[in-house]
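Okay everyone, thanks for coming. I'd like to walk you through one structure today, so let's put it up on the screen.

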Amino acid sequence: MLRRILLAASLLLLIIGCTRQETPQGNISPSGNHYERAMQLCETNHYAEAELILKEGELAAEANDNKLELQKCQETRFLVARILDANTQQRNYELLHDHEKAANMAQFITLAKELLHHTYEQEKITELQHRYEQQAADRRHYQVLAYLFGLLLLAILMVLAILYFNRQRIAQYNSILDLNAQTIERAQQRIERLSLESEAHDKEINRLNDKITSVRRSTNERLGRGKEVFDLISSGGKLPPSADDENSLIEYYSVSHYATFHEWATHYDHLTARLYTYLILQDMGKQDDDIAQILCVSASAVRSIKSRVKARKRV
């Protein structure tokens, strides 16, 4: 489970690193570059050069199948061509000394230039608005990612804290079990020595038996028995045939090896007691031949158990 969380955290960091790029400064296509250059030339009254560049922009927009840019370049080139034509007519009227028509052409040129300038300014305003909206969307995106990463980090810290305190609790519980086991063993050895002596020590033996009973009651007897079975197997013994002893071993292992047991519960479906026991023995470093002897079953039975465990594994 912890590995999954750490993997998810790494993946989220990778996503943040890949998506956190500098906001693109507008979506300027090749025809958009032509439009910008043409408008800069118009600002300096170089309308003939601007018309040629806009024509190139139209061709580039057609090649890129960019209908919006094509329309923009066509409309702008039409207006630029009208300005050039009006300039020519104005000069002709001036040569003919037709000042009224020359003035009308001059007025038309002024209006056309103002319209062209106004259109260009609107384009820049639209572009700035687009950039602002893009930056705002990026900020919201990063805020969501930061929020999710914070939640994930909090979840990791909580899991680590739970595992830490659980390990501390298990270590404390194991120390109590060990101490109680030593107390019981000393009391039983004392009872055996007293029983071998010639003198009667009934009172002392009864007191020691009461002490053993009290010590066993002071801890969870089922977990205590599970530890006894675990120690028995660790020292080379066999699993007692009682189902209660097998269940006690599983319950003890679920407490003393919480992380491993939780991983089994996550990765497998509906494990029986015998399948849990097989996993426990495997985790203790036992081979299949050893497991067959510990469980007092044949090698084929162990292979059957192994295949059933594999069948219960989630994909």
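Let me start with a little search task: in which helix is the place of Tyr 147? Tyr 147 sits in helix α5, which runs over residues 99–196. Now, is Tyr 147 buried or exposed? The relative accessible area of Tyr 147 is 56%, and exposed means over 50%, so Tyr 147 counts as exposed. Tyr 147 also has company out there: together with Val 144, Leu 148 and Leu 151, Tyr 147 forms a nonpolar patch on the surface. The accessible area of those four adds up to about 390 Å².

Before going on, a word of caution. What you're looking at is a predicted model. The chain has a mean pLDDT of 81, with 82% of its residues at 70 or more. Where is confidence lowest, and where is it highest? Helix α1, residues 2–19, has the lowest mean, 52, while helix α11, residues 288–295, has the highest, 94. There's also a stretch, residues 19–31, where pLDDT stays under 50. The model does have 25 contacts for that stretch beyond four places in sequence. Still, where pLDDT is low, the predicted coordinates should not be read in detail.

Okay, the overall picture. How many helices and how many strands are there in the chain? The count is 12 helices and zero strands, so if you read off the elements from the N terminus, you just say "α" again and again. The chain has 315 residues, and 32% of them count as buried. The accessible surface comes to about 20,500 Å², with 54% of that belonging to carbon and sulfur atoms. And take the contacts between residues at least 6 apart in sequence: 64% of those join residues at least 24 apart.

Let's do a quick check on helix α4, residues 67–95. How far should the 29 residues of α4 span? At 1.5 Å a residue, the expected figure is 42 Å, and the end C-alpha atoms are indeed 42 Å apart, so the two agree. Several α4 residues are buried, including Leu 70, Cys 73, Leu 79, Val 80 and Ile 83. The buried set has polar names in it too, among them Glu 69, Lys 72 and Asn 87. Then, just after α4, His 97 takes a positive phi of about 60°.

Next up, charges. Side chains of opposite charge can pair when their charged atoms come close. How many salt bridges does a search of the whole structure find? The answer is 13, and I'll show you a few.

Back in helix α5, Lys 124 forms a salt bridge with Glu 121, and their closest N and O atoms are 3.3 Å apart. Why are they separated by about one helical turn? Because they are three residues apart in that helix. Both are partly exposed, Lys 124 at 34% and Glu 121 at 27%.

Helix α7, residues 221–234, holds another pair, Glu 228 and Arg 225, also three residues apart. Their closest N and O atoms are 2.9 Å apart. Glu 228 is partly exposed at 38%, and Arg 225 is partly exposed at 29%.

Here's a pair from farther along. Asp 269 forms a salt bridge with Arg 314, with closest N and O atoms 2.4 Å apart. Asp 269 lies in the loop between α9 and α10, whereas Arg 314 is in the segment after α12, so this pair ties together parts that are 45 residues apart in sequence. Asp 269 is partly exposed at 28%, and so is Arg 314 at 44%. There's a network, too: Lys 55, Glu 58 and Arg 77 are joined by salt bridges that share partners.

Last stop: Leu 279, in helix α10. Buried or exposed, would you say, for Leu 279? Leu 279 is at 4% relative accessibility, so Leu 279 counts as buried. And what is Leu 279 in contact with, leaving aside neighbours within four places in sequence? Those contacts are Trp 264, Tyr 268, Leu 271 and Val 309. Leu 279 and Lys 306 are 27 residues apart in sequence, yet their C-alpha atoms are 9.0 Å apart in space.

That's my tour, thanks for listening!

Notes. Residues numbered from 1 in each chain as written. Predicted model: local features only at pLDDT ≥ 70, side-chain atom pairs only at ≥ 80, totals over all residues. Heavy atoms only, no water. pLDDT = per-residue confidence, 0-100. Helix = DSSP H or I, 4+ residues; strand = E, 2+ residues; numbered from the N terminus. Contact = heavy atoms within 4.5 Å. Expected span 1.5 Å × (residues − 1). Buried < 20%, exposed > 50% of the residue type's maximum accessible area, 1.4 Å probe, protein only. Areas by Shrake-Rupley, 256 points an atom, 1.4 Å probe, with all protein chains shown as cover. Patch = residues over 30% accessible without salt bridge, like charges linked within 9 Å, V, L, I, M, F, W, Y side chains within 5 Å. Salt bridge = Lys/Arg side-chain N within 4 Å of Asp/Glu carboxyl O.
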